[in-house]
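This report looks at selected secondary-structure contacts in one protein chain. The sequence and coordinates are shown first.

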Amino acid sequence: MSTTAPTSHVLGDRYARELPELVVPWRAAGVPTPTLLLLNEPLAGELGLDPEELRTPEGMGLLVGTTVPDGATPVAMAYAGHQFGSYSPRLGDGRALLLGELTDTSGAVRDLHLKGSGPTPFARGGDGLAAVGPMLREYVVSEAMHALGVPTTRSLAVVATGATVRRETLLPGAVLARIAASHLRVGTFQYARATGDLELLRRLADHAIARHHPRAATADDPYLALLEAVMDSQASLVARWMLVGFVHGVMNTDNMTISGETIDYGPCAFMEAVDPDTVFSSIDARGRYAYGNQPVIAQWNLARLAEALLPLVHTDEEEAVRVLTDLVNTFPARYSAAWTAGMRAKLGLSGDDDGADRLVADLAALLVAARPDHTTFFRALTSAAQGDPAAVRELPGFDARLARWLEQWRAVDPDPALMERHNPVYIPRNHLLEEALDAATAGDLGPVRELLDVVTRPYEERPGLERYTLPAPPETPFVTYCGT
């Protein structure tokens, strides 16, 4: 096994150096016969990496963690988390490694992180491996989210390992190489707070401020300002999820980033028929992470971050609780402002007067009652703004109340060009994604590549791709799994 990567691959180890208490130095497991399945060449270019070099044995070694550049320090990251509301004090990267930090061509620092690279001390009895299907799912969905304008971790590559992974059946194994602004999570702060080491907590907060929210450093209370910045980024993020019908599926505190990026595409999916109770995860029996609950859960998670930051905000615990509670209670207004602004754009309403807000609020209620396909409905509205209301009127669920709303909305002269930029034609529809992943697991990557081409150009309507606009047949159930 090679241990040295090409010299062009330079990885920093700032996180490992500055916060050694929050990592365990570790190496990836061996990979019998690595085969590159997907490589994100545009992203590689952004990172200053040569795609052709990544296709070499040494490059693929970097993508699975078996070749490590000089000076790099691969680590498994420690964090805690509330999982479905229950606190776990020690989670961490059970099957993942932070290889290090890259500086991209714009000067931004970004993590290079692996999933499925073998068991670590945080594996909790797991095998540390990943299967081809779930890793390709994360690649396709994360790149679709990026194309939709939703902040997200990115997928650089999926490499088949040649090993077999035992789940319900035997499956081909794979490693995902992903890129993130960082992998700092609410759970990271929970872990640091639980150690009782106030200076460790302070160093973690200072690291997060420097990396993600530098304006907080000059605030009167930098740690309160950090929480406020994270709240704003998460309000914007969750609003964007809701606007495209995305259901994350597992909004545990260890899956909420400090940067405001979407992370960990396990039991995720896109809602079709509008329904706040939409759940896809096989393990979310009570609907904790249902589509309509996502803003509430985001606030709950942020309250856990506030608890972790409490000793940094004020030496008087009672005063710290008061200040932090007041701040966390502003989240609904921050979220509502982000969501309403996004809905105005989807409806082509450039103004923010009471009339526009009434149209937004009225439509939200009508869609829950009518249950049309979320993506199809908003794209059809774009046609209506261009003078063709038939596409909306012919949708299943269109009724007299929607007809009255449609006429009120058309009367304010919505902007179709604005709508075209905010209402996608294509999303990774669940049944088509599963169809493509099944083919890939059987050795045929063609459907995955075609789906990826479609969903990474989501606003560009193209002839011949009509099947990608259609929801699943009503009798088709859809359930997702964590892939672990």
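The sections below cover a group of paired strands and then a helix pair.

## Basis

The structure is a predicted model.

## Strand 7 and its neighbours

Strand 7 spans residues 109–115. Six of its seven residues are buried, so strand 7 is largely enclosed by the rest of the structure.

Strand 6, residues 96–103, pairs with strand 7 in the antiparallel sense, and seven bridges link them. T103 stands opposite V109 of strand 7. The two strands, 6 and 7, make a hairpin with five residues between them. In the turn, G107 has a positive phi of about 95 degrees.

Strand 7 also pairs with strand 9, residues 170–180. This pairing is antiparallel too and runs over five bridges. Here L112 has I179 in strand 9 as its bridge partner.

## Helix 13 against helix 15

Helix 13 covers residues 374–385 and helix 15 covers residues 400–410. Their axes come within 11 Å and cross at roughly 50 degrees. An angle from 35 to 65 degrees counts as oblique, and helix 13 and helix 15 are therefore oblique to each other. The crossing of helix 13 past helix 15 is right-handed.

On the helix 13 side, the contact is made by F377, L381, A384 and A385. Helix 15 contributes L402, W405, L406, W409 and R410. Sorted by class, the contact between the two helices has eight nonpolar residues, no polar residues and one charged residue.

Note on methods:
Residues numbered from 1 in each chain as written. Predicted model: local features only at pLDDT ≥ 70, side-chain atom pairs only at ≥ 80, totals over all residues. Heavy atoms only, no water. Axes fitted to C-alpha atoms, helices over the stretch in contact; angles between N-to-C directions. Helix = DSSP H or I, 4+ residues; strand = E, 2+ residues; numbered from the N terminus. Parallel < 35°, antiparallel > 145°, perpendicular 65-115°, else oblique. Left-handed = near helix turned anticlockwise from the far one by under 90°. Contact = heavy atoms within 4.5 Å. Nonpolar A, V, L, I, M, F, W, Y, C, P; charged D, E, K, R; others polar. Buried < 20%, exposed > 50% of the residue type's maximum accessible area, 1.4 Å probe, protein only. Pairing = 2+ DSSP bridges.
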